[in-house]
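Below are some notes on the model, set out as numbered points. Please read them with the structure open.

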Amino acid sequence: MSAKSPVYYNADAVRRVLNWPLVNEAVESALKAVVKPRDQKPPGSSFAIQPKRSFTACGDNSNKILFTMPAFVGNYSIASEESPGKVVSPRSTLACKLVTSFGGNPQRDPPLPSIHAHVLLFDNQTGQLSAIMAGTDLTTWRTVSASLVATKHLYFRRFGSLAETEREINVAIVGCGVQGQLHAAAFCEHFRVKQLNLYNRTEAKAQELAEQLQRELRGESATQIAVCRSAKEACQDADVICIATFSKEALIHIEDLKSKQGVHINAVGAGPGCHFSEVAPDLYRQAQVYVDCYANAEAELKGFPVPITAELGAIILDGNYPEKTAISVFQSMGMASEDACVAQAVQDAILSRGEAS
Ligand SMILES: NC(=O)C1=CN([C@@H]2O[C@H](COP(=O)(O)OP(=O)(O)OC[C@H]3O[C@@H](n4cnc5c(N)ncnc54)[C@H](OP(=O)(O)O)[C@@H]3O)[C@@H](O)[C@H]2O)C=CC1
Ligand SMILES: O=C(O)C1=NCCCC1
């Protein structure tokens, strides 16, 4: 009996195949799979077995954490990259992401990213480890993708089925780290962004991002980009807000929002030990809050100020969108099923293009 060694896909191999249609489709598949059958799912639908993730603190420092994120996603369908529109037969993926969050890394000399990840992919017939994949970019892309999907279903679809291609929006980015940077670029790429406001605690980073986006968008976009001195200034005319920081204190409050209605917030970041510290309780109390999955919410949103309205996947499946004037919050914790589906799609793309790892 011989065990095959796992294939290693490095960061370059992953980067070469990452693209938005691939990631968005895989993330939507994962969000729908985690919804339990009682909520609008016909028999034979996709499903996920996703135990709550574990946290291991590095010493007594709650700013240095290792997460283990296992998931089995069963019976889900995604289109093949080779022939878009042609759905490949249902598939199943067993994976586990190992990810560290060391919030002090950007202050090191030389600076390092806060988040480092790898995804392990298993053969779901034999249980053998089949691949190890660099997962840091994958984590950033799938998290931004979850915000894009949430914005489409929780904000645009309130205004009709074509709103995400027709409606102009003002977007605020609060926190211009790795997450904030890709959120800013991706929101401009996917939606008609009239005004993009950037706020970062260290203003130079917001300025740098503004200059980079201006170079990239020049001539191709009518988006106005501004660097703001406060989160309040960035958010006051925003229709959609993406917040991704490590702040333990609330950075946005109800009085900061545009006429306090018709606003969507993607709350992505986390203070150590608390996944909802960036947004003030007064804002949550006026909002409808959606999560990626109840399993993580039960474990990680202890003391959350309001009941959760629904999982995002249930809204994708049942179309029960918020009212036009609602404030909605997508409380994004990140989930292992997203990593499993995206890692599988990345591996499929690498193999179908015949690219080396
Ligand atoms: N929901 C999900 O699936 C995921 C969530 N995350 C979370 O997203 C957040 C951002 O991650 P990432 O972009 O990779 O990290 P980065 O280190 O690249 O960026 C962190 C950002 O947070 C800002 N920040 C840190 N502390 C504070 C504070 N006390 N007040 C205001 N701003 C602060 C930093 O500002 P400055 O430049 O001034 O230091 C910087 O803009 C983290 O909380 C992370 O855990 C990450 C991955 C997945
Ligand atoms: O889902 C993830 O991956 C992460 N979520 C919270 C912070 C670290 C990475």
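1. Strands E8 and E9 are paired in the parallel sense, with seven bridges between them. Within this pairing, Ile-173 has Leu-198 of E9 opposite. Please bear in mind throughout that the model is predicted.

2. The connection between these two strands is helical: E8, H5 and E9 form a β-α-β unit of the right-handed kind. Helix H5, residues 178–190, lies across E8, E9 (192–199) and E11, and runs at about 165° to E9.

3. Strand E8 (residues 168–174) is also joined to strand E11 (residues 240–243), in parallel, by four bridges. Three residue pairs can be followed here. Val-171 has Val-240 as its bridge partner in E11, Ala-172 is partnered by Ile-241, and Ile-173 stands opposite Cys-242. Ile-173 therefore faces Leu-198 in E9 and Cys-242 in E11. As for burial, E8 is mostly covered, with six of its seven residues buried.

4. Is E11 covered on its faces or open? Both faces are covered. Val-240 and Cys-242 lie on one side, Ile-241 and Ile-243 on the other, and all of them are buried. That division fits the general pattern, in which side chains of a regular strand alternate between the two faces of the sheet.

5. E11 continues the sheet into E12, to which it is joined by four bridges, again running parallel. Ile-241 has Ile-265 as its bridge partner in E12; in the pairing with E8, Ile-241 is the partner of Ala-172.

6. The whole sheet is open and has eight strands, with parallel pairing and the order E10-E9-E8-E11-E12-E15-E13-E14. Strands E10 (224–227) and E14 (310–311) are at the edges; each has a single partner strand, so one side of each has no neighbour in the sheet. Helix H3, residues 136–155, packs on this sheet and touches E11, E12 (263–267), E13 (288–291) and E15 (327–331). The direction of H3 makes about 155° with that of E12.

7. Which residues come nearest to ligand 1? Of the 26 residues around it, they are Gly-177, Gln-179, Arg-201, Gly-269 and Gly-334. The shell divides into nine nonpolar, 15 polar and two charged residues. H3 and H5, the helices described above, each supply at least two residues of this shell. H5 gives the largest share, three residues.

8. Ligand 2 has Phe-67, Val-99, Ser-101, Ile-115, Thr-139, Ala-270 and Gly-334 around it. By class, four residues of this shell are nonpolar, three are polar and none is charged. Gly-334 is listed for ligand 2 and is also one of the residues that come nearest to ligand 1.

9. Two backbone features deserve a look. Most residues other than glycine have a negative phi, and most peptide bonds are trans. Asn-75 has a positive phi of about 60° although it is not a glycine. Asn-75 lies in strand E4 and is partly exposed, with 14 other C-beta atoms within 10 Å. The other feature is a cis peptide bond between Asp-109 and Pro-110, with omega at about 0°. Pro-110 is placed in the loop between strand E5 (91–102) and strand E6 (115–122).

10. Strand E4 (residues 61–76) also contains Pro-70. Is Pro-70 buried or exposed? Pro-70 is buried, because 21 other C-beta atoms lie within 10 Å and the cut-off for burial is 20 or more. Leaving aside residues up to four places away in sequence, Pro-70 touches Pro-51, Cys-96 and Ala-336. The C-alpha atoms of Pro-70 and Ser-54 are 9.3 Å apart, with their positions 16 residues apart along the chain.

11. Last, Val-7 is found in strand E1, residues 7–9. Val-7 is partly exposed, with 17 other C-beta atoms within 10 Å. The C-alpha atoms of Val-7 and Ser-130 are separated by 6.3 Å, although the two residues are 123 residues apart along the chain.

Conventions
Residues are numbered from 1 along each chain as its sequence is written. Chains are lettered from A and ligands numbered from 1 in the order in which they are written. This is a predicted model: local features need pLDDT of at least 70, side-chain atom pairs count only at pLDDT 80 or more; totals for chains, interfaces and linings use all residues. A residue is near a molecule or strand if its C-beta atom, placed from the backbone, lies within 6 Å of it. Ala, Val, Leu, Ile, Met, Phe, Trp, Tyr, Cys and Pro count as nonpolar, Asp, Glu, Lys and Arg as charged, and the others, Gly among them, as polar. Two strands pair if DSSP finds at least two bridges between them. Two residues are in contact if their C-beta atoms, placed from the backbone, lie within 7 Å. Axes are lines fitted to C-alpha atoms, for helices over the stretch in contact, and angles run from 0 to 180 degrees between N-to-C directions. A residue is buried if 20 or more other C-beta atoms lie within 10 Å of its own, exposed if 12 or fewer, and partly exposed in between; C-beta atoms are placed from the backbone. A crossover is right-handed if, with the strands pointing away from the viewer, the path from the first strand over the helix to the second runs clockwise.
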